[in-house]
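User: Could you walk me through this structure? I would like to go one question at a time.

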Amino acid sequence: MNIDIKEGEEWFILSMKWVDLWKSHVGFEPDADDEDSRGASNELGPNPGRIDNSDIIIDEGEKPELEEQAKKMLYLNYQLKPKLKEGLDFMIVDAKIHKFL
């Protein structure tokens, strides 16, 4: 998916692992035509909790040089693990969607 990101806009990266848990929790099925087509059981998954990107970001312990940066700017200095693929490992959403989640 090609996203036209302009300077000054706010975009967020979400782990597909967390997104899949959220989809299960809300009964999201991309091919569902109506509310009654959640599937045979109609059971929802557990609440996934707060957004968790821990599976796609480099732990500070893996890269000690990030520790000092992280202390200064908190969330601004996380780095994605190498070789991740958009749509498979993570997705990019705008601020409206991120706030909704």
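User: What is the volume of the second largest pocket?

Analyst: Happy to start there, and please keep in mind that this is a predicted model. The pocket takes residues from several elements: β1 (11-15), α1 (16-26), β2 (90-94) and α3 (95-100) each give two or more to the lining. As computed on the model, the volume of the second largest pocket is about 260 Å³.

User: Which residues lie nearest the centre of that second largest pocket?

Analyst: The lining of the second largest pocket counts 17 residues. Five of them are named as lying nearest its centre: Leu14, Met91, Val93, Ile97 and Leu101.

User: Which element gives the most to the lining of the second largest pocket?

Analyst: The candidates that give two or more residues are β1, α1, β2 and α3. One of these supplies five residues to the lining, the most of any, and that is α1.

User: How many residues of the lining of the second largest pocket are nonpolar, polar and charged?

Analyst: Leu, Met, Val and Ile count as nonpolar, so the residues nearest the centre, Leu14, Met91, Val93, Ile97 and Leu101, belong to that class. For the lining of the second largest pocket, the division is 15 nonpolar, no polar and two charged.

User: Leu101 is among those central residues. Which residues is Leu101 in contact with, leaving aside its neighbours within four places in sequence?

Analyst: Leu101 sits in the segment after α3, and it counts as partly exposed because its relative accessibility is 30%. Its C-alpha atom is 9.7 Å from that of Val19, although the two are 82 residues apart in sequence. With the sequence neighbours set aside, the contacts of Leu101 are Leu14, Trp18, Trp22 and Ile51.

User: Let's turn to Ser15. Is Ser15 buried or exposed?

Analyst: Ser15 belongs to strand β1. Beyond residues up to four places away in sequence, Ser15 touches Asp52, Asn53, Asp55, Ile56, Asp89 and Phe90. Its relative accessible area is 0%, and the cut-off for this class is under 20%, so Ser15 is buried.

User: Which backbone nitrogen does the side chain of Ser15 reach?

Analyst: The side chain of Ser15 has a polar contact with the side chain of Asp55 at 2.7 Å. Its reach to a backbone nitrogen spans 3.1 Å, and the residue at the other end is Lys17.

User: How far apart in space are Asp55 and Phe90, C-alpha to C-alpha?

Analyst: Asp55 is placed in the loop between α1 and α2 and is partly exposed because its relative accessibility is 28%. Leaving aside neighbours within four places, Asp55 is in contact with Ser15, Lys17 and Lys81. Asp55 and Phe90 are 35 residues apart in sequence, and their C-alpha atoms are separated in space by 9.8 Å.

User: Which backbone nitrogen does the side chain of Asp94 reach?

Analyst: Asp94 is found in strand β2, where a relative accessible area of 27% makes this residue partly exposed. Setting aside neighbours within four places, Asp94 is in contact with Glu10, Trp11 and Phe12. At 3.2 Å, the side chain of Asp94 reaches the backbone nitrogen of Lys96.

User: Which two residues form the salt bridge, and how close are their N and O atoms?

Analyst: The structure holds one salt bridge. One partner, Asp4, is exposed because its relative accessible area is 56%, while the other, Lys6, counts as partly exposed at 47%. So far as the distance goes, the closest N and O atoms of Asp4 and Lys6 are 2.9 Å apart.

User: Which value is near the phi of Lys83?

Analyst: Lys83 lies in the loop between α2 (65-73) and β2. With a relative accessibility of 81%, over the 50% cut-off, Lys83 counts as exposed. Its phi is positive, in a residue other than glycine, and lies near 70°.

User: To finish with the whole chain, in what order do the elements run from the N terminus on?

Analyst: The protein has three helices and two strands. Of its 101 residues, 15% are buried. Among contacts between residues at least 6 apart in sequence, 63% join residues at least 24 apart. From the N terminus on, the order of the elements is β-α-α-β-α.

Conventions:
Residues are numbered from 1 along each chain as its sequence is written. This is a predicted model: local features need pLDDT of at least 70, side-chain atom pairs count only at pLDDT 80 or more; totals for chains, interfaces and linings use all residues. Side-chain values use heavy atoms; hydrogens and water are left out. On a 1 Å grid over the protein atoms alone, a cavity is a set of points where a 1.4 Å probe fits but cannot get out, and a pocket is an open set with protein on both sides within 12 Å along at least five of seven lines; lining residues have an atom within 4 Å of a point. Grid points are joined across faces, edges and corners, and a volume is the space filled by probe spheres set on the points. Helices (H or I, at least four residues) and strands (E, at least two) are DSSP runs, numbered from the N terminus. Buried means under 20% relative accessible area, exposed over 50%, partly exposed in between (1.4 Å probe, protein chains only). A polar contact is a pair of N or O atoms within 3.5 Å; within protein, one must be able to donate a hydrogen and the other to accept it, and residues adjacent in sequence count only if both atoms are side-chain atoms. Contact means heavy atoms within 4.5 Å. A salt bridge is a side-chain nitrogen of Lys or Arg within 4 Å of a carboxyl oxygen of Asp or Glu.
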